[in-house]
Amino acid sequence: MPGGKIFISRMLTVAALALGGTLSGCGGGAGPVDVADLPRGMVNSGYPKPHDYPVHGIDVSKFQGDIDWNAVASSGVKFAWIKATEGGDRADARFQANWTGAKAAGVAHGAYHFVYWCRAPMEEMAFFEQNAPVEDDALPPVLDVEATPTSPTCHRHLTQESATADMKVMLEEMERHYGKRPIIYTTVDFYEAILSDGAFSDYPIWVRSTKHHPAVKYGSRAWAFWQYQSDGQTPGINGNVDRDVFYGTQEQWQAFLKEPDRGSASPPPALQRPETAVAQSTEPSTAPSPVQAVAQSSDASPEPLQSGASLAQ
């Protein structure tokens, strides 16, 4: 996920939001989302909720099994990030089926690569390029950067210098090969340890935050996509699936599809929390600290990060 199609610190004015009304979420509906309607474990606050954003999507891998992409499209899902590869030798078993299925159903789709920190960066990119096709109508490629300290095969301790050096090689190669500026997907712990000082701020970012609005944990960093739920339900998929939103309006989404690199240095405005919620909210807008998935409660992450291979779902 989260760049040239992003948002966070620049928002619509309170008056514009009040006059325009709250944007409806995927599947319809309007008005503020009650705390009972939030994904499990997500904290209610004055920030926009996932369903305040009109453009929703999912990200999938082999763990979602056989997907009925027509049912997914009919449910209102507008985009899908599809796992292609991990490291230099693991291709996702469902990538080709998911890629062709999403395309046939008219769901905007892009491929992502999960980084294994014990492989040479160009080896990983060569493998990704062998598996993820170059197509004009595809979404930009995604570089999935996470710490995976429980890996049985990679015990490398990441430092900011070493991780960003590897990322630079991979991001530049992705852009060269696919002709589109790639998107960085990251979790809060990795972001805080490696990216929070502004590294790669000229790239779109896709953030994971299943407990808070991204502003709470990623501060003023503009984001393109927000992965807000790991145990979502979507027609056409048996079991849980990650759910995501795009930062902006329907019009901004259409502009992104036509020109995904547009405005990467100067993200356009999007939703702002309501005036009443601003007064009531006690959560800081810039307080980056780690947060994990819904099931995790600790906000602490070790430094330096220990990383390796762990299949992302």
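**Exercise 1. Burial along helix H6**

Task: In this predicted model, determine which residues of H6 are buried.

Solution: Going along the helix, one finds Val188, Asp189, Phe190, Tyr191, Ala193, Ile194 and Leu195 buried in H6. The next step is to set this list against the length of the helix: seven of the eight residues in H6 are buried, and the helix is accordingly described as mostly covered. For the chain as a background, buried residues account for 55% of the 313 residues, and the protein chain has nine helices and eleven strands.

**Exercise 2. The packing of H5 and H6**

Task: Establish at roughly what angle the axes of helix H5 and helix H6 cross, and then identify which residues of the two helices meet.

Solution: Begin with the axes, which for H5 (residues 160-178) and H6 (residues 188-195) come within 9 Å and cross at roughly 100 degrees. Because angles of 65 to 115 degrees count as roughly perpendicular, H5 is roughly perpendicular to H6. Then turn to the residues: on the H5 side Gln160, Ala163, Thr164 and Met167 take part, and they meet Phe190, Ala193, Ile194 and Leu195 of H6. Sorted by class, this contact of H5 with H6 holds six nonpolar residues, two polar ones and no charged ones.

**Exercise 3. The backbone at Phe200**

Task: Work out where Phe200 is found, and decide whether Phe200 counts as buried or exposed.

Solution: Phe200 is located in the loop that runs between H6 and strand E8 (205-208). Its phi is near 60 degrees, which is a positive value in a residue other than glycine. As a point of reference, most residues other than glycine have a negative phi. For the second part, the relative accessibility of Phe200 is 14%, and since buried means under 20%, Phe200 counts as buried.

**Exercise 4. The surroundings of His109**

Task: Describe the place of His109 in the chain, and find which backbone oxygen its side chain reaches.

Solution: His109 has its place in strand E4, which spans residues 108-114. With a relative accessible area of 2%, His109 falls under the 20% limit and is therefore buried. The side chain of His109 reaches the backbone oxygen of Val107, at 2.9 Å. As a last step, leave aside the neighbours within four places in sequence; His109 is then in contact with Ala80, Ile82, Trp99, Ala102, Lys103, Glu135, Ala138 and Leu139.

Notes
Residues numbered from 1 in each chain as written. Predicted model: local features only at pLDDT ≥ 70, side-chain atom pairs only at ≥ 80, totals over all residues. Heavy atoms only, no water. Helix = DSSP H or I, 4+ residues; strand = E, 2+ residues; numbered from the N terminus. Buried < 20%, exposed > 50% of the residue type's maximum accessible area, 1.4 Å probe, protein only. Polar contact = N/O pair within 3.5 Å; in protein donor to acceptor, adjacent residues only side chain to side chain. Contact = heavy atoms within 4.5 Å. Axes fitted to C-alpha atoms, helices over the stretch in contact; angles between N-to-C directions. Parallel < 35°, antiparallel > 145°, perpendicular 65-115°, else oblique. Nonpolar A, V, L, I, M, F, W, Y, C, P; charged D, E, K, R; others polar.
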